[in-house]
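Thank you all for making time this morning. I would like to take you through one model, and I will begin with a question once it is on the screen.

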Amino acid sequence: MSTPSSTPDLPSAGQLPGGFPAGPDGGSGRRGQPFSFVRRGSRLQGRRQQAWERYAGEFVVEVPRTGSDTSVDPDYVFDAAAAFGRSAPLVVEIGSGLGEAVCHAAVEHPEWNFLAVEVYRPGLAQTLLRIGQNHLSNVRVVQANAPEVLATMLAPGSVAELWVFFPDPWHKTRHIKRRLVQDSFAAAAARVLRPGGLWRLATDWSSYAIQMRDVGQGCPGFVNVHGGERAGADSPLTRVWESGVEQMVGGAPVREGRVPVSTGNASEGEGVDTAGGWGPRFEGRALTSFEQKAHKAGRVIFDLTFRRV
Ligand SMILES: C[S@@+](CC[C@H](N)C(=O)[O-])C[C@H]1O[C@@H](n2cnc3c(N)ncnc32)[C@H](O)[C@@H]1O
């Protein structure tokens, strides 16, 4: 696995987000940018508590903190070979939720190492439960804020694939700055991916899909593997704009199509998506309960894949 020592076309590690404050509770993140998550209950019960007690020692990556339990000391660098006891291509899933996708992939690919990054402790406990049920030895989990993991915890060029599936959409205009996938995140993703490495994304929110496409295509470290594909009538975006898929969010109707019902909706329908750039559904992604719900609600899924140049 080649490891570039510098990336002249991208911000250096020193320019990437670092020196993070204590935690997400209502506060601001790096350089005034808010966190992509709000603190949820971290208490474990029943099977999750048992799974934590039984498996945490073996599979949870303990990182030095600078403040909250999701912070990462910027001086800490993850030693994958030591953590897994072997060298193998590393796949990192950001926001792994309940671990459905990462554990499914780990069963399918015993020859790869997987790191699940999640801030939600019960989700990590559920992932541990799956690791145990499937007798997996190729998954590690870390409770950490993803931008910090990408900015400093992972060594440059150390990741073969980076997955971000269904990140929280933060669909209201005033919340968009909380979205995980933005320019600084792309630069940090480019920093950790090896040349030729893949950044895979999926979302069921058209406005976030557009943002992801713009961010990935606008980052000099990436090319869109499916650039220009599925444009016009074939574009999932055109489909959403035509149909105006609706969803109840916080009790209020939000239309994603060309006529926003909620003024808090960030989508702007344009009629026809002439740009395209959407990939086919990533067949390596397990159909998580989250994605199943989206399908049931008739929502359109957008897949994107960028290659590190
Ligand atoms: C909508 S869920 C999707 C979960 C999973 N990827 C799936 O498809 O089922 C988004 C997840 O991202 C996690 N998350 C949000 N911000 C994060 C961050 N900064 N670092 C790590 N995980 C984060 C949330 O806790 C949540 O579990």
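Against which helices and strands do the buried residues of α6 pack? Before I answer, please keep in mind that this is a predicted model, in which local features need pLDDT of at least 70, side-chain atom pairs count only at pLDDT 80 or more, and totals for chains, interfaces and linings use all residues. Residues are numbered from 1 along each chain as its sequence is written.

The buried residues of α6 pack against α5 (146-153), β4 (159-165), β5 (193-203), α7 (206-218), β6 (222-224) and β9 (302-308), where contact means C-beta atoms, placed from the backbone, within 7 Å. Helices (H or I, at least four residues) and strands (E, at least two) are DSSP runs, numbered from the N terminus. Helix α6 itself spans residues 183-192, and 8 of its 10 residues are buried, a word I use when 20 or more other C-beta atoms, placed from the backbone, lie within 10 Å of a residue's own. Among them are Phe185, Arg191 and Val192.

Two of those partners, β4 and β5, run parallel and are joined by 6 bridges, pairing being assigned if DSSP finds at least two bridges between two strands. Leu162 has Trp199 as its bridge partner in β5, and Leu162 is in turn the partner in β4 of Val92. Strand β4, with 6 of its 7 residues buried, also pairs with β1 in the parallel sense, over 4 bridges. Strand β1 (residues 90-94) pairs with β2 as well, again in the parallel sense, over 5 bridges, and the partner of Val91 there is Phe114. In β2 (residues 113-118), 6 of 6 residues are buried: Asn113, Leu115 and Val117 point one way, while Phe114, Ala116 and Glu118 point the other way.

Turning to another pair of helices, α1 (residues 46-59) and α4 (residues 121-133) pack at an angle of about 75°, with their axes 8 Å apart, the axes being lines fitted to C-alpha atoms over the stretch in contact and angles running from 0 to 180 degrees between N-to-C directions. The two helices are therefore roughly perpendicular to each other, a label covering 65 to 115 degrees. Residues that meet there include Trp52 and Tyr55 in α1 and Leu128 and Leu129 in α4.

Finally, 20 residues surround the ligand, the closest being Phe37, Gly95, Gly97, Ala146 and Phe290, with nearness meaning a C-beta atom, placed from the backbone, within 6 Å.

Key
Buried ≥ 20, exposed ≤ 12 C-beta atoms within 10 Å, placed from the backbone. Contact = placed C-beta atoms within 7 Å. Parallel < 35°, antiparallel > 145°, perpendicular 65-115°, else oblique.
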